[in-house]
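Q: Could you take me through the reasoning behind the labels attached to this model, setting each value against the criterion it has to meet?

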Amino acid sequence: MSRLAEIQQQFMAYLLSDETNNDHNKCQSAMQANMSQQAGISADIRLAIYANAYRIRLKETIETDHEILGRYLGDDLFDKMAADYTRAHPSANQSLRQFCDALPDFLQQDLFFKQHPIIADLARFERRLLNAFDAADSTSASFSDLQAISPELWPNCCLRFHPSVQIFTCSSNAVEAWQALKADSTPPAPDYQSTRAWLLWRGQTRLTEFASLTAAQHALLLGFIQGNNFAEQCEQMLEWHDEQSAPMMVLQTMQTWFQQGLIRAVVSD
Amino acid sequence: MPESIIKQDFLGFGLGLRTDHFEHILQHQPDIDWFEVLSENFLVAGGKPRYYLEAIAEQYPVVMHGVSMSIGSTDPLDMDYLKALKKLSNDIQPKWISDHICWTSIHGVNSHDLLPLPYTEETVNHVAERVRQVQDVLGRRILLENVSSYLSYQDSTMDEWDFLSQVAEAADCLVLLDINNIYVSARNHHFNPLDYLKKIDPRRVQQFHLAGHSDYGDYVIDTHDHDVPTSVWTLYQAALERFGPISTMIERDANIPQFPALYDELRQAKHIAELTFADSAQAEFHTLSQSRFGHQSQTSDHKVDNKPILRVPS
């Protein structure tokens, strides 16, 4: 290993270690041995400037990306989460935009945080909001694009969605808690009685929006995203609607999606 | 040896493009000469960040400034990152692309910090070779910026300014001189910042950064959360005297004020340049006159530090 590689490895080992780590003193000593003696502040302080900057920068990234989760946890638990996550998941990306991508899974698996599943749900919901915020741009199709297709071809029509469109499902009232905190209200007590589904997308003014989905709407959207065609989705809706109203429900819902800019293309096989 | 003129044209006086100011810029179209964009903030597929960037890049010259090239790392160069940079540069056509002479990641772990390198022949050769590779991929010279540092290595065999100069010469790249970083490192390592300026080849200096810092007495940290202080303005004047008119911008990354306040602060930069070159040769005056910045009235309660410019003790 080159001397440059050795120094860099020892520097990173120092940054990644902290007082909870058995090797911390060893890492610190190894780095101190690399440093020249200088007047003014001590080697400890010089190293600590880098260690503090490393942790503060990553903590600020979590605060920025997960503002509402932070409010839900309060300062002490947020600090614990930030420290534990940063220790468990050093950044492997060029951009801080991806640093928290593993946070929902971490919170779901961590022995302490998994005792409260709503916390992981809140984190996952906020990741989805971010994904919708900077997803790729795309033109939107309109209802007239569907009308331009001959009606006998409609049963085989499939939909292509805007890249920002996502479905978020959870077994807690995380989104209701998120909405309450966003409005500076007290969040409701955690409730794990039912599964909830939400549609997230970026609206035409480039603001991220979300709306709750009924079981039928969820199944309809999921089926179209998975590539099912109009006929297959009408048939699926028979679980909630009779034969006359099912196609109408599908058309009306599609019309809303067109208006919201959710659909980028209608394709007929 | 390179040709005597390897730099691109003088762009004038610019600011860092920050999210907080997107709307203001599009609505008021201030007469800023150019904007510097943080490349990593725009390596996303779409949405608001890209919309604003592209709208502003249509109206203003922009330059791209990155923090993740990790040019000094012993990890292989991240070709995916370089391809993403190249795609962004194709999209917004920046006047130039810069990053820092430092390392940020090793073994695939990113510190997201600008970590110092040992100043050795080995490091000069290593960094210069990687700069040449990057320049081949991007198809253009890049600018390398000096970083603030808080420690030095026993292995170092040369001063930072000699290291930067040797890398720039060996790689045939350009230099982005961060005046604040020179001041911060001078305080932390007890050197004379004028020595730094004297050793850098003026032919390679394409851009200046100005910024504020946090002064803790015994040491100084590069925080970009304060106005540019008198000490940095003073060094800026010395840099102008050494290098001539250089494209200059103010970096503000935290505690970001309203746009008019930064506009006023940038006026101070232009004012100092005008004073510096008031009695100068025709060529320098002509270069400075290409800047259109500073003729608009901005509403700001911000008070720019107008203390007289003091000479740095040599």
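A: Two residues are in contact if their C-beta atoms, placed from the backbone, lie within 7 Å. By that criterion, in this predicted model, 40 residues of chain A are in contact with 38 residues of chain B. Helix 1 (3–16) and helix 3 (43–65) of chain A each supply at least two residues of the side that touches chain B, and helix 1 of chain A gives the most, with 9 residues.

Q: What makes up the side of chain A that touches chain B, by class of residue?
A: That side of chain A has 21 nonpolar, 11 polar and 8 charged residues.

Q: Why is H112(B) called buried, and D184(A) exposed?
A: A residue needs 20 or more other C-beta atoms within 10 Å to be buried, and 12 or fewer to be exposed. H112(B) has 20 C-beta neighbours inside 10 Å, so H112(B) counts as buried. D184(A) has 7 other C-beta atoms within 10 Å, and is therefore exposed.

Q: What is notable about the phi angles of these two residues, and where do they lie?
A: Most residues other than glycine have a negative phi. D184(A), which is not a glycine, has a positive phi of about 60°, and it lies in the loop between helix 8 (174–182) and strand 3 (196–202) of chain A. Phi of H112(B) is also positive, near 55°, but H112(B) is found in strand 6 (residues 109–115) of chain B.

Q: How many helices and strands does chain B have, and why is chain B called as compact as a globular protein of its length?
A: Chain B has 10 helices and 12 strands. The radius of gyration of chain B is 19 Å, close to the 20 Å that the globule rule gives for 314 residues, so the description holds. The C-alpha trace of chain B spans about 50 × 50 × 40 Å along its principal axes, and 49% of the 314 residues count as buried. Of the contacts in chain B between residues at least 6 apart in sequence, 80% join residues at least 24 apart.

Q: Which residues have the most contacts inside the largest nonpolar core?
A: That core has 146 residues, and those with the most contacts inside it are L122(A), L144(B), V167(B), V175(B), I179(B) and Y236(B). Leaving aside residues up to four places away in sequence, V175(B) touches, among others, L143(B), L144(B), L164(B) and I200(B).

How values were computed. Residues numbered from 1 in each chain as written. Chains lettered and ligands numbered in written order. Predicted model: local features only at pLDDT ≥ 70, side-chain atom pairs only at ≥ 80, totals over all residues. Core = buried A, V, L, I, M, F, W, Y, C linked by C-beta atoms within 7 Å. Helix = DSSP H or I, 4+ residues; strand = E, 2+ residues; numbered from the N terminus. Rg over C-alpha atoms; globule rule 2.2 N^0.38 Å. Nonpolar A, V, L, I, M, F, W, Y, C, P; charged D, E, K, R; others polar.
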